[in-house]
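Visitor: I'm new to reading protein models. Could you show me how to make sense of one, a feature at a time?

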Amino acid sequence: MIISFDQVPGKELPNFKGGEKSFDVKMMDAEDGNRFMLGLLKPGATIGMHTHTGNCEVVYILEGCGSIVEKDGIHPVQAGMCLYCPSGESHSLQNTSQEDLRFFATVVKQ
């Protein structure tokens, strides 16, 4: 499967998962239930704390910086870092900078 995000319509999701501001995303759901996303958090925007049940998520930061909130605390993230949230765990992503935070994420069924 090849995904051309240039051909995927974008969505603006206000207060996604209880977060602040809006999450701008191009999202593609595969027939097998897996999801692929090209996301953007503007300065001050967050994806709210949420738990993965029956799936896991991998997030690769493309541009910018911010922080991830996990059970063991808040950790800074920046371009080039990869984040993993296994099934049964919770996390939140925050743009704490003055620049856009762009990332690629995939949610994989388990």
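Visitor: Is Ala79 buried, partly exposed or exposed, and what is its relative accessible area?

Guide: Buried means under 20% relative accessible area and exposed means over 50%, with partly exposed in between. Ala79 has 39%, so this residue is partly exposed. Do keep in mind that this is a predicted model.

Visitor: Where in the chain does Ala79 lie?

Guide: Look between two strands: Ala79 belongs to the loop that joins β7 (73-78) to β8 (82-85).

Visitor: Which residues is Ala79 in contact with, leaving aside neighbours within four places in sequence?

Guide: Contact is about space, with heavy atoms within 4.5 Å. For Ala79, the partners are Ile61, Leu62, Glu63 and Gly64. Cys65 also shows how sequence and space can be compared: Cys65 and Ala79 are 14 residues apart in sequence, and their C-alpha atoms are 6.4 Å apart.

Visitor: Leu62 is one of those contacts. Which nonpolar surface patch does Leu62 help to make?

Guide: Leu62 joins Leu38 and Tyr60 in a patch of about 240 Å². Patch members need over 30% relative accessible area. Leu38, in strand β3 (residues 35-41), is at 31% and therefore counts as partly exposed.

Visitor: Now the whole chain: how many helices and strands are there?

Guide: There are zero helices and ten strands. Of the 110 residues, 38% count as buried.

Visitor: And how does the radius of gyration fit a compact globule?

Guide: A compact globule with 110 residues would have a value near 13 Å; the chain has 13 Å, so the two agree.

Technical notes:
Residues numbered from 1 in each chain as written. Predicted model: local features only at pLDDT ≥ 70, side-chain atom pairs only at ≥ 80, totals over all residues. Heavy atoms only, no water. Helix = DSSP H or I, 4+ residues; strand = E, 2+ residues; numbered from the N terminus. Buried < 20%, exposed > 50% of the residue type's maximum accessible area, 1.4 Å probe, protein only. Patch = residues over 30% accessible without salt bridge, like charges linked within 9 Å, V, L, I, M, F, W, Y side chains within 5 Å. Areas by Shrake-Rupley, 256 points an atom, 1.4 Å probe, with all protein chains shown as cover. Salt bridge = Lys/Arg side-chain N within 4 Å of Asp/Glu carboxyl O. Rg over C-alpha atoms; globule rule 2.2 N^0.38 Å.
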